[in-house]
Amino acid sequence: MDILGYDFMTNALLGALFAAITAGLAGTYIVSRRMVFLGGGITHASFGGIGIGYFFGFNPIVGASLFGVASALCVEYLSVRQKIREDSAIGILWALGMATGIIFIYLTPGYAPDLMGYLFGSLLTISTGDIVALGVLSLVLISYFTVFYRTLMYISYDETYARTYSSSVSIFKYITTALVALAVVLNIRMAGIILVLSLLTIPPNIAMIFTSSYLKIIIGSIIVGFAGTVTGLVISYFINIPTGATIVFVLALIWIISKLLRGWVEKRW
Amino acid sequence: MTVILEMRSLSAGYGTRNVLDNVNFKVFENDFIGVIGPNGGGKTTLLKVILGVLKPTGGELIMGDGIDKSTIGYLPQISTGDNSFPLSVLDVVLSGLMIHKSPGTRFSADEKRRAGDLLEELGLKEYSRSQLKELSGGQLQRVFLARAIIGNPRLLLLDEPGSFVDTAFEKSFHDKLKELNGKMTILMVSHDIGTISAHVKSFACVNGSLHYHPSSEITNEQLRAYRCPIQLITHGEVPHTVLKNH
Ligand SMILES: Nc1ncnc2c1ncn2[C@@H]1O[C@H](COP(=O)(O)OP(=O)(O)OP(=O)(O)O)[C@@H](O)[C@H]1O
Ligand SMILES: [Mg+2]
């Protein structure tokens, strides 16, 4: 394989692996808890941090992480306190983040380099720093979900009941939400703000076609996510089309085929 | 007799509104208390206070020796779980043991067997690998009963356990309650005469206040005196021990 000879391809493959791991774990959590809309909110709110990063001249992903995590915690807090409906809070933060980002990018003198990369993803130009960040987050998420597997699963299933035997339900929710927000934001480098949500939501939905065990959904989404990302990467490399979009396209295709396959199998047996 | 729980002029409620006021109540070991009262009287609220999910707004809640969250089992009146969540019936039953678990430990084969045995006793053997969404309302309620008792609690709180019980299951359900009461104290909220009369040793009438009635016989006059204008649902034979008319 000639393309493996290039440094950026190794980077891209590592990126794909870590993206699959982080998106698979975070994705299974948000899909099974029906929090996909929160995922969308986090993604778009983080654009505010990207704009501020450009304006003040620091790494936009750092800004995006701060914005993403802060808005996710904010939504959890508001909905726990029941001061405002959760979906309304998400809608407000979603637009507020986008508005902040647009204003600060407009105010930034000169040209905003790689803005397209943040919007649409740029797996092939992903930096070593991005890879390291995703790698560390992968390790953290794997350890966290391994150690607290049942705790997290039972809180997701029935939070009210979990509160009858545990006093740390809120702490777990905040920590998990913050980690999910980080997973979303760091994957923006892979697929871009516009497309990142599908990286988290399509693989668990593919896995759920074949299994209804939480653990198998996690493992299945990581495998499918990795396969889909690499396939998309190779296709986009050879026919020279945008990588993020190709990956999402491949994943959606796998989802459709799986659905059809499952329907066909059920009809035959 | 050992007191396992005591309330002293306890009040509790939501926001600024008190649902329970000035409750004085002692729960004795091995009692089987039928908690009765009108809709909105505060029965579920009482259980929430005992569980510690709702903090009293006044008075005291004193737990007896060795009684805490880990020795209380609870069957909620309404399930708040997401039934399409990817979780098997067996997993739900096992979650009743979470209080005894430190994070990261796994369930032993023995614990899984115990969960399986409980499901079998409750007539759900073939469902242990099923998803919750594949179960009927009554079957679900039995799963939650299994979850409440798998940890062998010392105090069992049942909020309307009989509401889904069909005639076929009624006998084994009653046997199960009897067997459980041999090992633990039970507080059971119910509107169902059949379930109540078959078991309870005493009554707690909850309607803003709480009146404890230390006998399994209760008359309409007493119910009125306790401000418990209730309508007990009847099915099957109505035993004369409850609601005696004079
Ligand atoms: N989460 C809540 N927030 C505000 N008010 C509540 C809440 N839960 C219950 N209430 C109020 O408290 C009162 C007592 O409710 P509770 O659920 O304890 O009644 P109950 O005796 O269990 O009734 P039922 O027989 O219908 O189950 C009701 O008037 C209800 O409106
Ligand atoms: Mg109630």
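Here are two worked exercises on a predicted model, one on a ligand and one on a pair of helices.

The model is predicted, so local features need pLDDT of at least 70 and side-chain atom pairs pLDDT 80 or more, while totals for chains, interfaces and linings use all residues. Residues are numbered from 1 along each chain as written, chains are lettered from A and ligands numbered from 1 in written order, and side-chain values use heavy atoms, without hydrogens and water.

**Exercise 1.** Find out how many residues surround ligand 1, and which atoms make polar contacts with it.

Step 1. Count the residues near the ligand (a heavy atom within 4 Å). There are 13, and the closest are Gly40(B), Gly42(B), Lys43(B), Thr44(B) and Thr45(B).

Step 2. Sort this shell by class: three residues are nonpolar, eight polar and two charged. Here Gly counts as polar.

Step 3. Look for polar contacts (N or O pairs within 3.5 Å). A polar side-chain atom of Thr44(B) is 2.7 Å from a ligand oxygen. Gly41(B) uses a polar backbone atom, 3.2 Å from an oxygen of ligand 1. For Tyr14(B), a polar side-chain atom lies 3.5 Å from a ligand nitrogen.

Step 4. Ask which element gives the most to the shell. That is α1(B), with three residues; helices are DSSP runs (H or I) of at least four residues.

**Exercise 2.** Describe how α9(A) and α10(A) are placed and where they meet.

Step 1. Take the axes, lines fitted to C-alpha atoms over the stretch in contact, with angles from 0 to 180 degrees between N-to-C directions. The axes of α9 (169-186) and α10 (188-210) of chain A come within 7 Å and cross at roughly 125°.

Step 2. Name the arrangement: α9(A) and α10(A) are therefore oblique to each other. Angles under 35 degrees would count as roughly parallel, over 145 as roughly antiparallel and 65 to 115 as roughly perpendicular.

Step 3. List the contacts (heavy atoms within 4.5 Å). Val184(A), Val185(A) and Leu186(A) of α9(A) meet Ile188(A), Arg189(A), Val196(A) and Leu200(A) of α10(A). These residues comprise six nonpolar, no polar and one charged.

Notes:
Polar contact = N/O pair within 3.5 Å; in protein donor to acceptor, adjacent residues only side chain to side chain. Helix = DSSP H or I, 4+ residues; strand = E, 2+ residues; numbered from the N terminus.
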